[in-house]
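Visitor: Please pick one part of this model and take me through it closely. I would like to see how it sits among its neighbours.

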Amino acid sequence: RQQGADYAEFERSGYWLTVAEVHARYLVPTRYAQAITARCWIEELKSRTLTFGYEIIDAATQQVCVTGYSRHVCINHDGQVTKIPADWLVKMKKGVPG
């Protein structure tokens, strides 16, 4: 949303980003009621796929507790793999670091 790309709008335009792979690496434990910050960004963007990177951070110490990623494939509402529409690629590229 911060980059001008709302996923609900993406779905309404006829597409889904189906999950193909998920990975998490737990570095230190978190506790119930601990204040944490979740960060998410687009790590890699290709014509049909994208990868989100994630971090869970202790809000008080800024220590990284969890890192991870999820890979997604663009499909249309008929379930066919398809290219991410050009207008959405432009919006998504705003979220790619570097």
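Guide: Here is a close look at one helix, followed by the sheet beneath it and the cysteines.

First, the ground rules. This is a predicted model, where local features need pLDDT of at least 70, side-chain atom pairs count only at pLDDT 80 or more, and totals for chains, interfaces and linings use all residues. Residues are numbered from 1 along each chain as its sequence is written, and side-chain values use heavy atoms, with hydrogens and water left out.

Our part is helix H2, residues 86-93. Helices (H or I, at least four residues) and strands (E, at least two) are DSSP runs, numbered from the N terminus. Start with what H2 hides. Trp-88, Leu-89 and Met-92 are its buried residues. Seen down the axis of H2, these buried residues fall within an arc of 105°, so they line one face of the helix. That arc is taken from the directions running from the helix axis to the C-beta atoms. Now turn to the other side of H2: Ala-86 and Val-90 are exposed there. Buried means under 20% relative accessible area, exposed means over 50%, and partly exposed lies in between (1.4 Å probe, protein chains only).

What does the buried face meet? The buried residues of H2 pack against helix H1 (7-12) and strands S1 (15-26), S2 (36-45) and S3. Contact here means heavy atoms within 4.5 Å.

The same helix feeds a core. The largest nonpolar core has 10 residues: Phe-10, Leu-17, Ile-42, Leu-50, Phe-52, Cys-74, Ile-84, Trp-88, Leu-89 and Met-92. Such a core is a set of buried Ala, Val, Leu, Ile, Met, Phe, Trp, Tyr and Cys residues joined through side-chain atoms within 4.5 Å. Strand S3 (49-58) and H2 each supply at least two of its residues. H2 gives the largest share, three residues.

Next comes the sheet. It is open, has four strands in the order S1-S4-S3-S2, and pairs antiparallel. Strands pair if DSSP finds at least two bridges between them. S1 and S2 are the edge strands, each pairing on one side only. Neighbouring strands are turned by 20° against each other on average, direction ignored. H2 packs on this sheet and touches S1, S2 and S3; its direction makes about 130° with that of S2. Axes are lines fitted to C-alpha atoms, for helices over the stretch in contact, and angles run from 0 to 180 degrees between N-to-C directions.

Walk across the strands. S1 pairs with S4 (residues 64-76) over 11 bridges. Ala-24 has Gly-68 in S4 as its bridge partner. Nine bridges join S3 to S4, and Glu-55 stands opposite Thr-67 in S4. Five residues separate S3 and S4 in their hairpin, where Gln-62 in the turn has a positive phi of about 65°. S2 and S3 pair over nine bridges, with Leu-45 opposite Leu-50 in S3. A hairpin of three residues joins S2 to S3.

Last, the core's cysteine. Cys-74 is buried, with a relative accessible area of 0%. The structure holds zero disulfides (a pair of cysteine sulfur atoms within 2.5 Å). For Cys-74, the nearest cysteine sulfur is that of Cys-40, 17 Å away.
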